[in-house]
Structures are given as C-alpha cells and as structure tokens.
Amino acid sequence: MSELSMALPDELIDTLAERVADILEQRQALTTANGRDEWLRGAKQIAEAMGCPPSRVYDLSGRRETTGCPIRNDGSRLTAKRGELEAWLRNGGAR
C-alpha cells in the first residue's frame with residue numbers, strides 16, 4: 001500500500017486536537033456515572049456505544065460464550081456495562 005501524506009496548517013491540527021480532547025472528555029463522563037460504571041440498556045443504546053447496527057449487538061450477544069462479549073440478556077432486554085464493553089472492544093472484541 002502506498003503512503004499518503006498531506007501538509008496541514010498548525011491551526012487545523014490544533015483545532016482537531018481540541019475536538020478530539022472534547023470527545024474523549026465526553027466519553028469519559030458517560031463511562032462513569034456517580035463513580036460507577038454506566039449500564040447500557042437495550043440493543044439500540046449498546047449499538048450506539050459500539051458504533052454498529054443493533055443486529056450486530058444481537059449477533060454478538062447470541063455468541064457470548066465463544067466471543068467473550070460482555071453483553072448480557074436480563075430476560076427482557078440486552079444490557080452491558082459501558083466500561084466492560086469498551087475494554088472488550090479495545091482488546092480486539094467484535095472482530
């Protein structure tokens with residue numbers, strides 16, 4: 001694969017860095033609610049956190065034993081702790 005390089009103005013890089021920092025701060029605030037890991041409830045909310053369609057969430061939850069996926073079925077809906085889900089994704093889950 002060939003490399004792509006592009007010269008960007010320092011102001012644009014600074015703006016991008018600030019935006020990334022804001023996004024990370026927002027995600028961190030969502031991860032912790034009152035000092036505890038936030039529960040995600042329902043396939044739609046879990047899918048939004050994962051950046052995938054709800055059908056993928058259902059697929060992963062059905063293969064929990066083989067994938068190690070932290071999505072649980074509480075009987076009426078799917079649930080997951082945001083921190084566990086993010087850690088699982090960082091460690092190569094959902095591939």
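This report walks through a small sheet, the helices beside it and two cysteines in a predicted model.

## The sheet

Let's start with the strands. Three of them form an open sheet in the order β3-β5-β4, and their pairing is antiparallel. The edges are taken by β3 (39–41) and β4 (72–73); each has a single partner strand, so one side of each is left without a neighbour in the sheet. As general background, strands of a sheet pair through backbone hydrogen bonds, in either a parallel or an antiparallel way.

Between β3 and β5 (residues 78–81), which run antiparallel, there are 3 bridges. If you are looking at the structure, find Arg 41: it stands opposite Thr 79 in β5. Helix α5 (residues 82–90) packs on this sheet and touches β3, β4 and β5. The direction of α5 makes about 80° with that of β5.

## A closer look at Thr 79

Thr 79 is a handy residue to click on. It lies in strand β5, and is Thr 79 buried or exposed? With a relative accessibility of 7%, Thr 79 counts as buried, because the cut-off for buried is under 20% relative accessible area.

Which residues does Thr 79 contact, once neighbours within four places in sequence are left aside? The list holds Trp 39, Leu 40 and Arg 41, then Ile 46, and finally Pro 70, Ile 71, Arg 72 and Asp 74. Of these partners, Arg 41 is also the residue that stands opposite Thr 79.

## Helix α2 and its two faces

Helix α2 covers residues 43–50, and its buried residues are Ala 43, Ile 46, Ala 47 and Met 50. Viewed down the axis of α2, these buried residues fall within an arc of 100°, so they line one face of the helix. Their packing partners are β3, α3 (54–62), β5 and α5.

Turn to the face of α2 directed away from that buried side, and you will meet Lys 44 and Glu 48, which are exposed. After α2 comes Gly 51, with a positive phi near 75°.

## The cysteines

If you are wondering about disulfides, a search of the whole structure finds 0. Cys 52 is in no disulfide, and its nearest cysteine sulfur, belonging to Cys 69, is 9.3 Å away. Cys 69 is likewise in no disulfide, with the sulfur of Cys 52 as the nearest cysteine sulfur. The pair does not count as a disulfide because that would need the sulfur atoms to be within 2.5 Å. As for its surroundings, Cys 69 is buried, with a relative accessible area of 1%.

Conventions
Residues numbered from 1 in each chain as written. Predicted model: local features only at pLDDT ≥ 70, side-chain atom pairs only at ≥ 80, totals over all residues. Heavy atoms only, no water. Pairing = 2+ DSSP bridges. Helix = DSSP H or I, 4+ residues; strand = E, 2+ residues; numbered from the N terminus. Contact = heavy atoms within 4.5 Å. Axes fitted to C-alpha atoms, helices over the stretch in contact; angles between N-to-C directions. Buried < 20%, exposed > 50% of the residue type's maximum accessible area, 1.4 Å probe, protein only. Arc of directions from axis to C-beta.
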